[in-house]
Amino acid sequence: MTALAIRLDQLSKQYRFGARPRRRTLREALTEAAASPWRNLRRLAGAAGRGTTEDDTFWALRDVSFEVGHGEVLGVIGRNGAGKSTLLKLLSRITAPTSGRAEVWGRVGSLLEVGTGFHPELTGRDNVYLNGAILGMERGYITSRFDAIVEFAGVEQFIDTPVKRYSSGMYLRLAFAVAAHLEPDVLIVDEVLAVGDAEFQQKCIGRMNEVACDGRTVLFVSHNLGAVQRLCTRSILLEKGNLVADGETSEVIRQYLASHDTEAPAGRWIDLTAAPRTGSASARFTGVQYGSGDQLVDFSPHPGGPLEIVVGIDASIALNRPRVGFTLRDRYGGPLISGSTYALGVATPLPIGYSSWRFVLETLPLRPGPYQLELWLADSMGASVDRLQPALWMEVFDRQPRGFGPHYNPRHDGILYCEYSAGRVEAAVRHRTGGEPASAATQSR
Amino acid sequence: MSEDLTGRHAAGLEQSTRGPSAAAPDGARSPRPASVIIGPERRWPRIDLAELWSYRGLMLFLVWRDIKVRYAQTVLGASWAILQPVLATVVFTVVFGRFARIPSDGIPYSVFALSGLVPWTYFSSALNGAGNSLVANTNLVTKVYFPRLVMPVAPILGAFVDFLIGFAVLLVMMLALGVTPTARALLFIPPVLALAAVTALGVGCWLAALNIQYRDVKHATPFLVQLWMYSSPVVYPLSLLPHRLQPYAAFNPMVGVIAGFRAALLGTAPMPWGVIAVSSCVAGAILVSGALFFRSRERVFADVA
């Protein structure tokens, strides 16, 4: 047993329930104060706001206790709203627990979002220094690492250009590069690997591995179970604020996947108003419907068939060039298919009030199985307005089983669907040269 | 960062809570880092000046960012800091000096107005910046830990740059119109300016903490600032107030600032030490109450932002 890096002792965080908007206006507070002076007085007299009743509050995290040894890399998994982010926020001291306590030994560096504090008007160079200072690096340290950071991000030529002129990929790479050179004793990471292209993601995972091998303690939260599996030997599983599993990563992941029974039905409107989400929330997804448009199969999407996704957005501000997008992820959280109005160059404004948006995929290249549908909305600069990850789990069904037995084995088969044919070639082929077509094969598609 | 400082106040607890792990074989890294205790917020807020000081680097970075961003992509750049008080002076000179014929202690009204506007502009932009600091930096507040008091302090320092520019304009105008600045200005203006900074920070703490939960504050602030300006002797001399009201005027800290600034620079009146003393006490009270209120609301900032 090594020394401890983190110890949680019945850490709990209670939030008021969403029945009341989080941002109250002064008028509401005043009318409420006028309407119920007694209750407020009692509350003031009691333990500062703790006298609230049970039913309008909920526990984002309840009595969570665990220990992390020095140098250990711990994965934190759980569905949206399970309390993962709350846990990280408590450990990063961004918000205070309602009860219980935690103790963290050493310097804590937390990356709850890459590019925190990046300012679009400032140059890449300025932002490296600013972001570094925000993350707690000293100026001299940043200077000594500056070249490494810029090289890691691959933005040497643009380092003196304001970052608002960066492509979103460059922006994210630079942001992660600064963060990756943070050298705290305890590193708390949330979802930062979900940025950039595949090559850069590899680089990030490599860097995380280095950090872990360096003997630093890492707390790693991700929807990407593959990444968790690769990086963490031990993981914990949170469910509705409670710690339900703590052990070897593959075992915890199995338990997590086994608990998925919440696929949303196709062809029906699914209310998203209460779904857990992130973003500035000046416009929100209120509902979504997905389906194949084919009543015969209960509207269920099927391999090679169409998929239509309709979303409803309620906006309190108008956006000129909104970016509305979706991502289909496998059950491990790996992104498979994504699309957005931005990627297509669609520049339809988002009006104040309610509007509907639609994505149509002509042929869905997915095998049967559960998939996560993520929805996101960003403003014209790409700043996140609303993001539901995932908004729902959808099931792709087998429409016309062909051949014998279950022709799709989720354990061994690929996840992508594609039309193909197979059969024995009549005249045996040994050397196929260039463009010579295969002679007539026995078609048995 | 602050590991030593944040750790220091927890060090006592660390000894008792470390338990069996302290004896664990951990030879490679013998100096055990200090620990930070995360627990429910104390009932009574406390201001950790040492921690705040350890974050001065971040504070200066924020100041630098604000200044740099303010004039990014403007054609006139820093000349806005010159134009704003000059144009305001022109307007006030025409409206109050010419039309309303407000007395100006025997100096040209334009100099009189600008000598009030320069410290006032410092105060109002510092106050505005501090009041909006949390809302403008919501992304930082909800994503990173640092003592939140850094946020309202930064704009107080940042506004100082514009003050210096405005002050230079004032000196030029004085020399042009034949008003000589007194030598005591050098000695007396810094404390007067500090009084303005303390007032702006105190009120700014109140506004910032309220603003992040009640966005109404954002709409009320400009009105408050304007009302405050007209109730302070910026465009009129203090002597214009009825005599029996004058002792009470000092309870408005900006009366001490404006009167003190004019007296120090123009030498038209003896330094109003009595007024400044009363104003300083009031400003101090506002700052302490504001900082404590800010600290007591701090635990919910990330939750309500």
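Me: Is A:Cys232 buried or exposed in this predicted model?
Reply: Buried means under 20% relative accessible area, exposed over 50%. For A:Cys232 the relative accessibility is 4%. That value falls under the cut-off, so A:Cys232 counts as buried.

Me: Thanks! And how many disulfides does the structure hold?
Reply: A disulfide is a covalent bond between the sulfur atoms of two cysteines. B:Cys205 is another buried cysteine, with a relative accessible area of 1%. Over all chains, though, the count of disulfides is zero.

Me: What distance separates the end C-alpha atoms of helix 7 of chain B?
Reply: Helix 7 covers residues 150-176 of chain B, which is 27 residues. At 1.5 Å a residue it should span 39 Å, so the modelled distance agrees with expectation: 40 Å.

Me: Where is the kink in that helix centred?
Reply: Happy to point you there. Helix 7 of chain B bends by about 25°, and after the helix comes B:Gly178, with a positive phi near 75°. The kink itself is centred on B:Val161.

Me: Which helix gives the most to the largest nonpolar core?
Reply: That core has 137 residues, and those with the most contacts inside it include A:Phe220, B:Trp120 and B:Tyr122. Beyond its neighbours in sequence, B:Tyr122 touches residues including B:Phe160, B:Leu193 and B:Ala197. With 16 residues, the top contributor to the core is helix 8 (residues 185-213) of chain B.

Me: What is the mean pLDDT of chain A?
Reply: In chain A, 80% of residues reach 70 or more. Residues 45-52 stay under 50, with seven contacts beyond four places in sequence. Over chain A, the mean pLDDT is 79.

Definitions and conventions:
Residues numbered from 1 in each chain as written. Chains lettered and ligands numbered in written order. Predicted model: local features only at pLDDT ≥ 70, side-chain atom pairs only at ≥ 80, totals over all residues. Heavy atoms only, no water. Helix = DSSP H or I, 4+ residues; strand = E, 2+ residues; numbered from the N terminus. Expected span 1.5 Å × (residues − 1). Bend = angle between axes of the 7 residues up to and from the residue. Disulfide = S-S within 2.5 Å. Buried < 20%, exposed > 50% of the residue type's maximum accessible area, 1.4 Å probe, protein only. pLDDT = per-residue confidence, 0-100. Contact = heavy atoms within 4.5 Å. Core = buried A, V, L, I, M, F, W, Y, C linked by side-chain atoms within 4.5 Å.
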